[in-house]
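Me: I've got a model open and I'd like to learn how to read its empty spaces and its side-chain pairings. Can you walk me through it?

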Amino acid sequence: MLEFLTEFPSLGRSDLSAFKQGIDEGFRAFSRQYGEALEAFFNPLLKFLVWFEKVLINTPWPIVILVIAIITWLGARSWKITIGAVLSLLLIGFMGMWEDTMATLAMITVATLVCVALGIPVGILMSRSNRAQSIVTPILDVMQTIPSFVYLIPVVMLLGIGKVPGLIAVCIYAIPPIVRLTNLGIRLVDKDVMEAADAFGASAREKLFGVQIPLALPNIFAGVNQTIMMALSMVVIASMIGVKGLGTQVLRAIGNQYLALGLMNGLAIVALAIIFDRVSQTYGKRLQAYRETGHD
């Protein structure tokens, strides 16, 4: 009895070893059987990522900065944020981090597009079905709380080292906010507004695209903002499996104890994060103000 209280009952060492070995062998068999098919499936995404990265790196830097400044202005409508973004990019280039920054920018942009393309439909599905919400929510909880290094293992086993495994790892970590906030935004749409839409004879599709999604846009953009922030936070970890960019240099600085290199590249990641954050937040606030003005 005393032994039962002091030692937690567990599988024997041989049984536990067999259990772990069974999982590993099963996943290896799955990888051998479907690995090539998965690589072929993700190949168009890889080609797009490589093409976009080459476009950013090979385009003359004044044009890239001009385009980013225009996008920043259209999103934020603030001269302070636009000038801050331009000065940050000029400083990054002056410090010799331009190509790494463009590689990181390409990865984050593509990851965000993938997360938005997958996350918004899943969020809409959750908002229209309580059962779907009860199924998807625990999956999102696991995706957000499981240590990042853990899901690098199956991704690398399936697809090896490279850009696509890194992109998938980033998306797994970054997609939950856009899903959750899309679901929340649509569920928070005023019931009186929905009743009015019903009274006008709107179909389910018209209510979704004409009423619910426009009113939920501030929440959706808050989700996009959080997704971008989480994607940027994964840059260094993704560099461990072959994703080039600022994260590679941070990893190199850690391995060789180069303080200046790590600090400079870390601050470049911070600069990108601040630009993305300010633009998406300001745009979301403008949408919110427009909605409130329209309501009044």
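**Holes, pockets and pairs**

Reply: Let's begin with closed space. The count comes to 1 cavity of 30 Å³ or more. Keep in mind that this is a predicted model.

Me: How does one find empty space in the first place?

Reply: Rolling a probe the size of a water molecule over the atoms shows where empty space is left. Here, the largest cavity holds about 40 Å³ of space.

Me: Which residues line the largest cavity?

Reply: Its lining is made of Ala103, Thr104, Met107, Val235, Val243, Lys244, Gly245 and Gly247. Helix α5 gives the largest share, with 3 residues. Sorted by class, you get 4 nonpolar, 3 polar and 1 charged residues.

Me: And the open spaces? What volume does the largest pocket have?

Reply: About 790 Å³. There are 31 residues around the largest pocket, and Ile71, Thr109, Ile228, Phe276 and Val279 lie nearest its centre. To see who builds the wall, look at helices: α2 (13-58), α3 (61-76), α5 (98-128), α11 (204-233) and α14 (259-295) each put in at least two residues. The largest share, 8 residues, comes from α3.

Me: What classes of residue make up the lining of the largest pocket?

Reply: The lining has 25 nonpolar and 6 polar residues, with no charged ones. Now go to the second largest pocket, which has a volume of about 350 Å³. Of its 16 lining residues, Val114, Leu118, Cys171, Ile172 and Ile175 are the closest to the centre. Helices α2, α5, α6 (130-145) and α8 (163-174) each supply at least two residues there. By class, that lining has 16 nonpolar residues, no polar and no charged ones.

Me: Cys171 caught my eye. How many disulfides does the structure hold?

Reply: The structure holds 0 disulfides. The thing to check is the gap between sulfurs, which has to be within 2.5 Å. The cysteine sulfur closest to that of Cys115 belongs to Cys171 and is 4.0 Å away, so the two are too far apart for a bond. As for their surroundings, Cys115 is buried at a relative accessible area of 0%, and Cys171 is buried too, at 11%.

Me: On to charges, then. How many salt bridges are there?

Reply: The count is 4 salt bridges. For each, look at the N to O distance, then ask where the partners sit. Take Glu53 and Lys163, whose closest N and O atoms are 2.8 Å apart. This pair links distant parts of the chain, with Glu53 in helix α2 and Lys163 in helix α8, 110 residues apart. Both Glu53 and Lys163 are buried.

Me: Where do the partners of the Asp198 and Lys207 bridge sit, buried or partly exposed?

Reply: One of each. The side chains of Asp198 and Lys207 meet at 2.7 Å, N to O. Asp198 is partly exposed, at 44% relative accessible area, while Lys207 is buried at 17%. Another bridge joins Asp277 and Arg278 at 2.5 Å. There Asp277 is buried, at 11%, and Arg278 is partly exposed at 39%.

Me: Last one: what does Gln212 touch?

Reply: For contacts, skip the close sequence neighbours and see what remains. Leaving out residues up to four places away in sequence, Gln212 touches Arg128, Ile186, Val189, Met194 and Lys207. Gln212 is found in helix α11 and is buried, with a relative accessible area of 12%. Lys207 should ring a bell, as the partner of Asp198 in a salt bridge.

How values were computed: Residues are numbered from 1 along each chain as its sequence is written. This is a predicted model: local features need pLDDT of at least 70, side-chain atom pairs count only at pLDDT 80 or more; totals for chains, interfaces and linings use all residues. Side-chain values use heavy atoms; hydrogens and water are left out. Buried means under 20% relative accessible area, exposed over 50%, partly exposed in between (1.4 Å probe, protein chains only). On a 1 Å grid over the protein atoms alone, a cavity is a set of points where a 1.4 Å probe fits but cannot get out, and a pocket is an open set with protein on both sides within 12 Å along at least five of seven lines; lining residues have an atom within 4 Å of a point. Grid points are joined across faces, edges and corners, and a volume is the space filled by probe spheres set on the points. Helices (H or I, at least four residues) and strands (E, at least two) are DSSP runs, numbered from the N terminus. Ala, Val, Leu, Ile, Met, Phe, Trp, Tyr, Cys and Pro count as nonpolar, Asp, Glu, Lys and Arg as charged, and the others, Gly among them, as polar. Contact means heavy atoms within 4.5 Å.
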